[in-house]
Amino acid sequence: MAYEALYTRGRPKTLSQLIGQEHISNALARAISSNRLSHAYLLVGTRGTGKTSTARLLAKAMNCDKVHDAQLSGHPLEKKEIPCNKCESCKMFDSSPDNVEFDAASNRSVEDVTRLLSTAYLAPLRARVKTFIIDEVHMLSFEAVNSILKLIEEPPPNVAFFLATTELNKVPMTIRSRCQVLNFRLIPQAIIAPYLSTLARRLNVGLQEEAAKKIARLAEGSMRDALTYLDQCYAMADNEITLDNVNDTLGLISDENLDDIISAVKAKDRAAAAQAVTRAFSSGLSANLIAESLITRLRDIEFDMIDNDEKNFAELDNFIDALRKAVSEMYGSGIPDIILEMTLMKLAAPVQNFIMPTPTAQIVAKPNENLDAGRKIFYDTLNSLSENDAGIKTFANKAVVTKFEGDTLTLAFKSASTADMFKRSQAEFKELAAQSAKRPIKLSVVIDSSLPPPVLNKMTEPARSNLVNAMEFFRANDVMEIND
Ligand SMILES: [Zn+2]
């Protein structure tokens, strides 16, 4: 026996099997029980949400003997009884000449539509009600819409119309206002996944829970897409459909691989991030797909965090924003792989902070109490210099206190000439320094061309170390990028 697609086998047989559209199936069941059905319905919703299936169920129910009997006797029907699928009429429905189905996308012209609708004025051959199911009704030409409109405005007896569309805004208001509108919702993942599992059990197909969830996520609210994916995976799997089957069959990146990339970025491990993305590329996945899968995965993680009442989203938001930017840059760039790699490398870069740069051994200035005492003596002395000592003050101002050991204060100068000029009047400075320190002070004058600017003299730890480190950092890392 030829393989029958799950999409066909999974189609609802009664209103109770219409998944994820309970607001519609409940309303229709009430309308059928009380015999208040309209002769024209406009079924609106995204592809694969059950519009055509519902139209067929309604068309079938309008002709079902059991439904008809129940309506006559005033007996309310349950959703699982609509239609009965057992009476002659139900059995004949699929091959009934009284049910006309066509797709407006491929029958757009007024001639096509006139031909298809021509039988509307003739009495049904066998059925009670002649039914017309027209898909993608927004694709019809203006003239074709008018011929349908005429039929809906002045309907022949025993005719019903089911117009389905994915784009309500393209359906003329004249049609919309004359139909009963049924709005189909996107079907939530939480409904699709268990339904896939139930269906698989019914068909004796093994389906891992994770695999069902993944398919449900990919289907994005469309049951038809979900069933098509399940079909494809089923064709490739052995006995049981696993998450790997789903990823392989549908050409997806595995959650494990995604998580490797995400945790490498979080751990600021560039090597691991590079390795994980290379692994994804090597299984033939496009940069675009990887980036979009990462975004979806991160969004799922964020939703989990909301559920767990965690509050720190900044890092995730930053990650998602960077990926979204990368995706938009990828289009037409010709180097999507490189854009993704660079984005991940940037995200995985160690955090460089201006206030506390990464310290390296030789540039860390240890807090030095002696040095601070030396600086205090130096600045007290500078301040005690009077107006008459303007010359010596000018040169002393250029000195940097580099050491204070015992009673020797070491003053370093960047230039030899300034040091010479200072030395000429250092006796006076020494005397004043002794007064400030309240003990004898010796001066040692040295020349050091690599000196930091004298401004550092005035700073105390740790501000001084931080500034020295920052200066060293920029000198050493002028090629390195700083995280923004
Ligand atoms: Zn029936």
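Let me start with strands 2 and 3, which run parallel in this predicted model, and where 5 bridges join strand 2, residues 99-103, to strand 3. One of the pairings can be picked out by residue, since the bridge partner of Asp103 is Asp135 in strand 3. As a general reminder, the strands of a sheet pair through backbone hydrogen bonds, in either a parallel or an antiparallel way.

What is the state of strand 3, residues 130-135, in terms of burial? The strand is mostly covered, with 6 of its 6 residues counted as buried. In a regular strand the side chains alternate between the two faces of the sheet. For strand 3, both faces are covered: on one side there are Lys130, Phe132 and Ile134, on the other Thr131, Ile133 and Asp135, and all of these are buried. Asp135, then, is both the bridge partner of Asp103 and one of the buried residues of strand 3.

To place this in the chain as a whole, there are 22 helices and 10 strands, and 32% of the 484 residues count as buried. If we take the contacts between residues at least 6 apart in sequence, 73% of them join residues at least 24 apart.

Next, the sheet formed by strands 8, 9 and 10. This is an open sheet of 3 strands in the order 8-9-10, with mixed pairing. Its edge strands are strand 8, residues 400-405, and strand 10, residues 442-447, each of which pairs on one side only. Neighbouring strands in this sheet are turned against each other by 25 degrees on average, if direction is ignored. Strand 9, residues 408-413, runs parallel to strand 10, and 6 bridges join the two; within that pairing, Ala412 of the chain stands opposite Val446 in strand 10. Which helix packs on this sheet, and which strands does the helix touch? The helix is number 20, residues 416-424, which touches strand 9 and strand 10, and whose direction makes about 160 degrees with that of strand 10.

Let me now turn to two helix pairs, beginning with helix 16, residues 314-330, and helix 17, residues 336-347, which pack at an angle of about 160 degrees with their axes 9 Å apart. Because angles over 145 degrees count as roughly antiparallel, helix 16 is roughly antiparallel to helix 17. The crossing of these two helices is right-handed. On the side of helix 16 the contact is made by Phe319, Ala322, Leu323, Ala326, Glu329 and Met330, and on the side of helix 17 by Pro336, Ile339, Leu340, Thr343 and Leu347. Sorted by class, these are 9 nonpolar, 1 polar and 1 charged residues.

The second pair is helix 13, residues 255-266, with helix 15, residues 287-307, where the axes come within 10 Å and cross at roughly 80 degrees. These helices are therefore roughly perpendicular to each other. Asp255, Leu258, Ile261 and Ile262 in helix 13 meet Ser293, Leu294, Arg297 and Leu298 in helix 15, and the residues of this contact divide into 5 nonpolar, 1 polar and 2 charged.

I would like to finish with some individual loop residues, where the backbone deserves a careful look. Between helix 4, residues 65-73, and helix 5, residues 88-92, the loop includes Pro83, which is joined to Ile82 by a cis peptide bond with an omega of about -10 degrees. The loop between helix 4 and helix 5 is also the place of Asn85, which is not a glycine and yet has a positive phi of about 65 degrees. Why does Asn85 count as partly exposed? The reason is that Asn85 has 15 C-beta neighbours inside 10 Å, and partly exposed covers what lies between 12 or fewer and 20 or more.

A positive phi, of about 60 degrees, is also found at Asn158, again not a glycine. Asn158 lies in the loop between helix 7, residues 142-153, and strand 4, residues 159-165, and is partly exposed, with 16 other C-beta atoms within 10 Å.

Finally, Asp238 sits in the loop between helix 11, residues 223-236, and strand 7, residues 240-241. Asp238 counts as exposed because there are 8 C-beta neighbours inside 10 Å. The C-alpha atom of Asp238 is separated by 9.6 Å from that of Val205, a residue 33 residues apart along the chain.

Technical notes: Residues numbered from 1 in each chain as written. Predicted model: local features only at pLDDT ≥ 70, side-chain atom pairs only at ≥ 80, totals over all residues. Helix = DSSP H or I, 4+ residues; strand = E, 2+ residues; numbered from the N terminus. Pairing = 2+ DSSP bridges. Axes fitted to C-alpha atoms, helices over the stretch in contact; angles between N-to-C directions. Contact = placed C-beta atoms within 7 Å. Parallel < 35°, antiparallel > 145°, perpendicular 65-115°, else oblique. Left-handed = near helix turned anticlockwise from the far one by under 90°. Nonpolar A, V, L, I, M, F, W, Y, C, P; charged D, E, K, R; others polar.
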